[in-house]
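The following exercises are to be worked through with the sequence and the structure in view. Please attempt each task before reading its solution.

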Amino acid sequence: MIDNNNKPVNRRGFLGSCSRFIAAGLGAISVFKFGGSLWGQENGQYNPAEHNYAMGIDVHKCIGCGRCADACKRENDVTREPYYFRTWVERYVIPSEGETVVDSPNGGIDGFPETVDKNDVLRTFFVPKLCNHCSNPPCVQVCPVGATFASRDGVVLVDEKYCVGCRYCIQACPYGARYFHPESKTADKCTFCYHRITKGLPPACVEVCPTHARVFGEIGQLSSPLRRFVRFNDLTVLKPWLNTKPKVYYAGADGEVR
Amino acid sequence: MNKLGIPGQIVPLAIIGVVVIAAFIAARMLFVPDTFGEYGHYRASAVEEIASQEIVYAGHEACNDCHDDIFETKQESKHRDVSCEACHGPAADHIEAPDEFTPTAPRGRGYCPLCHGYNPSRPSGFPQILPKTHNPGKACMTCHDPHSPVLPHAPEDCSACHRDIANVKQVSHHATLSCRTCHDVPDEHLIQPKFVRAEKPANRERCGQCHDRDSDSPREIPRINIETHGERNLCWECHYPHYPEVGK
């Protein structure tokens, strides 16, 4: 048997260990350089690759109070004027005869003061809307510069500094979830409150929802409230035929909801 | 042919090639940001920048540290799922500096109906009222504690037999008064009402203790001058005591 410690060093072995040493050094440097730069010290324990976020919405529970749309604007400093929303609440009125009417006065923030006449209404309900954080996002595909992207934890984000404001993504979103920010002149949209969820807080809209109409969680985690929601409800997604694979799941939304 | 044996026409071509490649590399270094492409076709550090955005809503758990009494009351009540900040607005600033930033409280009649105003589009089980007819003119908090909004009821001991009076009174200006403020009731009345009578107010002073201009009752109670108002008639000849109204 050869004793490793006393083995005479030959040329081949020497070169081998040298290259292993250099490779290990390079590896360490690259881990330090790239791995260390993300998520600074305070966020040291957060690993995006371990998460995959999604939201559930129970249409039967939504009371249309609009607190979600209000909180979203305050949390994310969205322009207060109507027409700029990261999330909003729609009212559906399905009459016994004729076309379904959908409205959303100021996103529902001031409530829905004009109530509908109940007589010729078949059904009426509220539907909260937001970015669907698609697994197959058309907005990301059309971005010419790579300013919008799906993060490793499954959230579709916009890089405000890199966006050139061409608005292709706003056109491409089949859900109307994006808007053009009048001040930054870039595309803007829901981030699932990325700055909150990465610190273990729920998105602001979920925090203020009084009836659990919005459920936030992780697809892959057994203990997540979203898992229970998925287990106990028949779920649909919006416009499934587009194959965008949304990660916002609706319970109680019938075919009329688009 | 030069010294290296490379054909002469190749040299300028090679130089141009090198310059073009160098220009491309330089442009790439200039225009493609540092962390681009680390995890995909995007700037990896953008993720970090987005995650560092400031938090505005502190979350309801955070209030428990200092307002644990209110927190616990609410936890037991029908408003358990209504976040503190759904009514008081974002309060992360308040937690950092409680004395500098105090959240506002929605004391007016306009706010609660955002959730409780009747609207046919709401799920039918949800408690709703018509703000126009539901005790107009009074703040919701006079009858409902916002942190524990139980439905006010006359004490069961009286309403068991005097339901009609209790029902009227509970939506009146006198909703917050207990029956015993005006009626001295011996306990036996509850058992043998026909034999042991409850007392009825007998004089104007009973009402004057709250309504006389010189009384030291809470300021929001409307005042009259007991010496002159309504001459010498009993107050309840003109005002029904269980549903007092003014005017006509």
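Three exercises follow, on cysteines, on domains and on a pocket.

The model is predicted, so local features need pLDDT of at least 70 and side-chain atom pairs count only at pLDDT 80 or more, while totals for chains, interfaces and linings use all residues. Residues are numbered from 1 along each chain as its sequence is written, chains are lettered from A and ligands numbered from 1 in the order in which they are written, and side-chain values use heavy atoms, with hydrogens and water left out.

**Exercise 1.** Determine how many disulfides the structure holds over all chains, and explain why A:Cys166 is not bonded to A:Cys143.

Solution. Step 1: a disulfide is a pair of cysteine sulfur atoms within 2.5 Å. Step 2: the cysteine sulfur closest to that of A:Cys166 belongs to A:Cys143 and lies 6.2 Å away, which is too far for a bond. Step 3: B:Cys207 is likewise in no disulfide, with the nearest cysteine sulfur, that of B:Cys235, at 3.7 Å. Step 4: the total over all chains is 0 disulfides. Step 5: the relative accessibility of A:Cys166 is 34%, so this residue is partly exposed (buried means under 20% relative accessible area, exposed over 50%, partly exposed in between, with a 1.4 Å probe and protein chains only). B:Cys207, at 26%, is partly exposed.

**Exercise 2.** Describe how domain 1 and domain 2 of chain B are placed relative to each other.

Solution. Step 1: the bounds, from an automatic or database domain assignment, are 108-142 + 155-200 for domain 1 and 202-248 for domain 2. Step 2: the C-alpha centres of the two domains of chain B are 21 Å apart. Step 3: 14 residues of domain 1 are in contact with 9 residues of domain 2 in chain B, contact meaning heavy atoms within 4.5 Å.

**Exercise 3.** Explain why the second largest pocket lies between two domains, and locate B:Ile221.

Solution. Step 1: a pocket is an open set of points on a 1 Å grid over the protein atoms alone, where a 1.4 Å probe fits, with protein on both sides within 12 Å along at least five of seven lines; lining residues have an atom within 4 Å of a point. Step 2: domain 1 and domain 2 of chain B both give residues to the lining, so the second largest pocket lies between them. Step 3: of its 34 lining residues, those closest to the centre are B:His174, B:His211, B:Ile221, B:Pro222 and B:Pro244. Step 4: B:Ile221 is in the segment after helix 10 (204-211) of chain B, helices being DSSP runs of H or I with at least four residues, numbered from the N terminus. Step 5: apart from residues up to four places away in sequence, B:Ile221 touches B:Cys210 and B:His211.

Notes: Helices (H or I, at least four residues) and strands (E, at least two) are DSSP runs, numbered from the N terminus.
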